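Work through the following exercises with the sequence and the 3D view side by side. Try each task on your own before you read its solution.

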Amino acid sequence: MKTTEYTTNVLKYIPFLYVIWSDDLVSPSEVSIFKKGLDKDTLSQDEKRSLTSWIDANNPSDEIMVTWKKMIDEAEVKLVESDPYPLTYFSMRMASNSQSVKNVDESLKFIEINLGIQPNHYHHLFNVKIEAVSSSSFYSAKEIDSFFKGTYAKEVDRFRKKISSDTFHWDIIRDKDIFRAKVLAQVENLAKEGYGAMAYDPEYGGIGNMPAYASVFENLMYVDGSLTIKFGVQFGLFGGSIYNLGTKKHHDSYLTEAGNATLLGCFAMTETRHGSNVRGVKTTATYVKETDSIVIDTPGKDDNKEYIGNALHATMATVFAQLIVDGTNHGVHAILVPVRDKKGALMPGVRIEDNGYKLGLNGVDNGKIWFSNVAVPRENLLNKFGDINENGVYTSPIENPNKRFFTMLGTLVGGRICVAKGALSGAKKALAIAVKYALRRRQFNSSEKLQEDLIMDYPTHQLRLIKPIAKTYVYHFALAKLIEDYSVSNENERREIETQAAALKAGITWFSNQTIQECREACGGKGYLLENKIANIKGDVDIFTTFEGDNTVLIQLAAKGLLTDFKTEFNSDSFMDVLKYVGAQLSDRLTTFNPIFTNKTDKEHLFDPEFHKEALEYRRRRLTFSAASRIQKYIKKGMPSYQAFLKVQTHLVALGGAYAEELCYLGFNNFADTIEDEKNRFLFNKIGALFALSEIQENASWYLERGYISGNKSKAIRKRVERLCTELRPHVNTLVDGYGIPEHCIDTPITE
């Protein structure tokens, strides 16, 4: 049968007939609707007879169906999903052999509406090119990913290829013992290829590159949270403690084996009764001169080490304890303590219990550890910052015990940065899945449109996903700069970096948890299913707000670092050094703002990075000075300094948060200015503007209370945030693809 045998009036019904017959079962209601549609049309008797016969149960023949399929496949028109009535418009274009159609055919429209058929029901039947508008290709995800990889593109590309193998295939494993065994095997697999030792010197199997290691760490989070944390505990915490706190003799004895995972270790710092208060741990390490040994002991029931990752697999632990030499407590030091023999049996005096199942990260073997007078050689003391010589005398290159303590912890701040990077990767992965679901999931429509709308096209959905996407971009480049600064910093610079790391770790892990929850809700019930991975990410990342420092404690640490201008050491027992700094600054009062500025609402002003910088700086500075003023007033009234700081605790939390946001924006803005390509630089500037305006909007009440912005300006900022999300909507798929997440890591049923 040839297409020329069909009139235009008949031809326009062919796609409808093909769709109706595609399931080989035509219901009475479909027949009734189709015939009623024909009655509304102006057809000749022959045309109506032919069309009616094809809706009969004995028709059409296979030959006719094949002919229809060929006609549809060879049509030089497109099916446009965004059309109000996609199948109607496509059928009209096919019949007229023209892509341009003016007035809708009411008969076809009637059938399409009443049959309730939509493109996602039938476009798989056609070979015609479907013109979809869910995403733009104006920007290149590959180019954006190159920015994310930075100078470590070679290492990251190689690693992504590695984790795309079957060894790193993600599965739902409910049995923790099976899960732990799989994760351990994966860690050992990565160790064999040198990934764990990347931050170590070449003589110990590494490349001496901490930022490259951090890039591997954040990409590993795309595979699985348990694997990432197990990896970090073994190579970052255990191996890192040997590398950063030990000296050459420790490096030579243990670092190579730690890096290749033939020596499994754990990092025993946290105690049940003392979580974030590291300086207050109760475990003791007493030097016994007669035996030239250090005896590790857990003095009380709740003084045990708690939540120690790798505790069920480790053969050695880095134990943080109060070092007592000749009756004098020299503060917290780290000692290497064997906890199992080569056969896996616990060493005498060591007791380890499984923490059991957790909300997430059940592939990590967390446990509790008690020590009962466990003796180790004196040489097991990690002695970079404190040593015991052969005569039993304690010495340290840092005389002040407080400075010694903070210097020691400062060397481990790289782990805190990696935790923030890992949490951010969890948010990126959740956003990528949620966005891809939003670009295929349809919900609701209007009276003028049959096709249901993509949920990504709803302004509420854009706000809930595109705003956090912008924040992931800003946070990524802030952390990239911080890890670079950390890797080349000297002892004098570490204090400032520790303050920055504390602020960013707290702010970013809080953000990540909020974002993952938003993504879960944005995917509805599908987001609750483990198979779609967001629920798993949610359980894994939740704890990131707690380990490597509780966020509420860290954000206050950052605020206190600000009050000391990063220069004087902070002594938690005496805050007078803080007041010495801020006392001279209290005269810095900010004048009344120009009404023109507070009411300025034009697009150019709201898009201007100088406005963003000024607004974020103003909030941080104002909070700094007001916190200092309050503390000083309490001190003058005779209140102990410790109590004075407690009185302004919530103020310090706000200050730390303001500092983190300003720090992140400045880092991102500086990076955006280095982008040579004008198109990409404009995109990054727009992302930066969305971040800054979102922060101002979220703190609008604070800015309004201080007269920094007017009500009209606050309203204009809110509208500009919504507008920026709308402008970025066409590029949203490119933005999440720009993360560079390996496809198999976000391959879920809801993204297929």
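**Exercise 1.** Find the bridge partner of isoleucine 296 in E11, and then describe how the strands E5 and E11 pair.

*Solution.* The model is a predicted one. Begin with the single residue: isoleucine 296 has valine 374 of E11 as its bridge partner. Next, widen the view to the two strands, where E5, made up of residues 293-297, runs antiparallel to E11 and is joined to E11 by four bridges. Finally, look at the two faces of E11, residues 374-377: Val374 and Val376 lie on the covered face, while Ala375 and Pro377 lie on the uncovered one. This fits a general rule, since side chains in a regular strand alternate between the two faces of the sheet.

**Exercise 2.** Work out whether the distance between the end C-alpha atoms of helix H3 agrees with the expected span, and determine which residues of H3 are buried.

*Solution.* Helix H3 covers residues 28-39, and because each residue contributes 1.5 Å, its twelve residues should span 16 Å; the end C-alpha atoms are 17 Å apart, which agrees. Now take burial, which means under 20% relative accessible area: the buried residues of H3 are Glu30, Val31, Ile33, Phe34, Gly37 and Leu38. They occupy an arc of only 165 degrees around the axis, and therefore sit on the same side of H3. Pro28 and Asp39, on the other side of H3, are exposed. As a last step, ask what covers the buried residues of H3: the cover includes helix H2 (14-21), helix H4 (45-54) and helix H7 (106-115).

Technical notes: Residues are numbered from 1 along each chain as its sequence is written. This is a predicted model: local features need pLDDT of at least 70, side-chain atom pairs count only at pLDDT 80 or more; totals for chains, interfaces and linings use all residues. Side-chain values use heavy atoms; hydrogens and water are left out. The expected span of a helix is 1.5 Å times one less than its number of residues. Buried means under 20% relative accessible area, exposed over 50%, partly exposed in between (1.4 Å probe, protein chains only). The arc is that of the directions from the helix axis to the C-beta atoms. Contact means heavy atoms within 4.5 Å. Two strands pair if DSSP finds at least two bridges between them.
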